[in-house]
Every structure is written in C-alpha cells, then in structure tokens.
Amino acid sequence: MITAHTDVVGSLVRPVALRKARDDRKTGRLSHAQFKSIEDGAVDEAVSLQEAVGLDIVTDGEMRRLSFQSQMLEAVDGFGAWDIDAFLWGHWHGHGAVGERRRDRPVNLGVVSRLVRKRHLVAEEFAYLPGRTCRIAKVTLPSPGLFVNFWSPERSKSAYASLEHFLADVVAILRDEVAELVRLGATYIQIDAPHYTLLLAPETRAFYESQGWRIDQWLSRGIELDNAVMAGFADVTFAIHLCRGNQEGRWLVEGDYEPIARPIFQRTGATRLLLEYDDDRSGSFAPLRHVPDDKIVVLGLISTKRLQMEAPEDLVRRITKANRFVPLERLALSPQCGFASSIVGNGLSIDDERRKLERVCEIARRIWT
C-alpha cells in the first residue's frame, strides 16, 4: 500500500495554449500530430510543476481530458449525443463574486445502444506518464456509479433491460481498463466518486433516487460496483475520492460525511480515502472514527476553489484535530479536489496552483519529517 503523506487529486489547470489547441483541432487548423505535440507538452509542464514543489505522487494533470469522467464517453460508443454540458449541469453554489449558477440537465442525455469500446480509456495517459517522472505515477478513473447520469428510463430501455444491466457493462469496461493499466505498470489508481456525497442533499439525492435506487441501495450497490472494478489486483493501491462538486469555484452540496461514512469507509476496497475538507461545507472530522485501521485518510484541506492561501498554523491545527480520530501515520495531505475537474477549470492560475501545492508539501514536511 502506498503510504505517501502528500497527494494530488488529479486535474490541474489547463494551459491557455492547450485550450486553444483543442479549439483549433476541432476546426481543422491543427493536425492530429500538431495537437498531440501541444498536449504532450502540457503534460510535461504539469509533471515538472508537481515534481518541483515536492509532491510524492504525480498525475498527468488530466491534460488529455475534457472532464475527469469524459474519457469513458470518448472511448466507448453507445452513449448517444453529448457535450461538455453533460458534466456541468446542476444547481451550483459559490461565494461572493463567483455566485450561483444553474444549468439544466441536457434533455436528450441517455445511453441509446449497447456499449462498445473503441479503444482504452486512459491507457494513453498512463503509458506516457512514467517516462516523464520517477515519482509515484497516479491515474484516475470515474466510479461506475457516476454513469447513472447517462441512464434514461425512456431512451435506454431499447439498449438495456435495466439500470443494473447498463452499469454491469460500465463495470466490465472499467475493469478491463484497470487490467490494461496494470499491464502497463500502474501501481496507484484512483476512483473518483463524487456522487456519494451528492446523496447528502435533498435536491441532488432526488435525481439519483429518480433513476431507480433508494439512497441505501446507492450506497450498497454503488460500493459493490466500485469494488468489482478494483477486485483482484493485489499489486495496486486503490484510492477513492469524495467531493461535493467542483466547477468554476462552485460546489453542488454541503453536508457532513456522517450519513455515508460508515458504509463507504468500511466497505470500499480502496485503501486511500481522499476526502474533501477545505471548509465547513464538509462538516467535522468525527466521521473519520469509522475509518478502519488498514486505510489512509488523505485530508483535502487546501482549497482549489479560492485564491486565498491557507495559513500554515490553521492547517496544522486541523490535522491535529483529525489526528484525534486517525493516527498521524495514517494521515496525509492534498488539495480538496482537482484544480480543473473539467477543461473550464476553477478561477486559479497555474502560479496560484503552484503556490497551493507548495503549501501541501511545506505542511507535510513540517508534520511528517
């Protein structure tokens, strides 16, 4: 099991040049080879930044993704028509000038035929990464339960008899992806599962329950689906990441982990729990009492939503509070979520991002060395 005391959730701010290149590729102003060269360069810069600040674990910054969960749709036929709004809908909340934003769920969203994989989802990402770093290389995959977003009781029944049958195919695709990543040498794979925390609030919980399962079923069956993706890969450390929504400095829900903590913390096959804890939206550390002795808690205390830097004394104080429930050797530190869960990103620059990650490493040295 990987025991590193610093971590990074996954996504980093996309450089302006990469965002422009994506647009130019769509309009034919860039060839495939030209676009890939720019994309590779963005990954190289992301890796260099993470190494320079001192992180034990690095990702490719998800530079090749439209969203943290988009690789499934890009690599697999059957999901029907979709665009970035498939990942951005909801009633988003934000402080101050960021404000509120509501986006409706696209009306035609829904799987329309049996899923058929065209290529591997993230194998390209991982195959490129280890050659660029000597640090622990992490790759992220979406939790299968996230794809309930693409289930339509009306449009999807011609393809699948039930939600369960649809998600079984999602699990099979993700499990095959893990096998390929292991073949390529992956030792650390993170499952992104923000849908569990969306069960904490009535509005977002109502959507999940409208798709056919009650909250207790989402917890029990959702964990079973995650564990089916992870099972049998003894040489891999798996992580699960929980947050409450992360787009353009906004969030979807607030709420303490307590209603979902025991089943998730105790039954997940993941041994690293990356938990959002950057402000009061996440509640107290008391739910950490449910964490078994064989798991590490990565405290997401550094905000990717706000420019303000966290004071070192406040971070040390909060780690000390968490230590009341989990021994210090089983705690670690990270940002609360990615800096750009989609290509849109939060309102931080790459320099802001660097300072935030430097603070992660600064506090980790102070606490654990």
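This note goes through the two largest pockets of a predicted model and then turns to a buried strand and its neighbours.

1. The largest pocket holds about 620 Å³ of space, and its lining is made up of 40 residues. Those that lie nearest the centre of this pocket are Phe87, Trp89, Trp92, Leu198 and Leu252, which makes them a convenient place to begin when looking for the pocket in the structure.

2. Several elements give two or more residues to the lining of the largest pocket: helix H4 (85-88), helix H7 (195-198) and helix H8 (202-210), together with strand S3 (90-92), strand S4 (101-103) and strand S7 (188-192). Of the elements in the lining, H8 gives the most, with four residues.

3. As to the character of this lining, 17 of the residues around the largest pocket are nonpolar and 16 are polar, while seven are charged.

4. The second largest pocket contains about 320 Å³ of space, and 16 residues line it. Closest to the centre of this second pocket are Arg22, Phe35, Glu39, Arg64 and Glu74.

5. At least two residues of the lining of the second largest pocket come from each of helix H1 (16-26), helix H2 (32-53), helix H3 (70-75) and helix H5 (123-128), with H2 giving the most, namely four residues. The lining of this second pocket divides into ten charged residues, four nonpolar and two polar.

6. Strand S6, which covers residues 136-142, deserves separate attention: six of its seven residues are buried, that is, they have under 20% relative accessible area, and the strand is therefore largely enclosed by the rest of the structure.

7. Strand S6 is paired with strand S1 (residues 57-58), to which it is joined by two bridges, the two strands running parallel. Within this pairing, isoleucine 57 has isoleucine 136 of S6 as its bridge partner.

8. Strand S6 also pairs with strand S7, again in the parallel sense, over five bridges, and in this pairing threonine 140 stands opposite glutamine 190 of S7. The two strands belong, with helix H6 (residues 163-183), to a β-α-β unit that is right-handed.

9. Strand S7 links the two parts of this note, in that it gives two or more residues to the lining of the largest pocket and is also paired with the largely enclosed strand S6.

Note on methods
Residues are numbered from 1 along each chain as its sequence is written. This is a predicted model: local features need pLDDT of at least 70, side-chain atom pairs count only at pLDDT 80 or more; totals for chains, interfaces and linings use all residues. Side-chain values use heavy atoms; hydrogens and water are left out. On a 1 Å grid over the protein atoms alone, a cavity is a set of points where a 1.4 Å probe fits but cannot get out, and a pocket is an open set with protein on both sides within 12 Å along at least five of seven lines; lining residues have an atom within 4 Å of a point. Grid points are joined across faces, edges and corners, and a volume is the space filled by probe spheres set on the points. Ala, Val, Leu, Ile, Met, Phe, Trp, Tyr, Cys and Pro count as nonpolar, Asp, Glu, Lys and Arg as charged, and the others, Gly among them, as polar. Buried means under 20% relative accessible area, exposed over 50%, partly exposed in between (1.4 Å probe, protein chains only). Two strands pair if DSSP finds at least two bridges between them. A crossover is right-handed if, with the strands pointing away from the viewer, the path from the first strand over the helix to the second runs clockwise.
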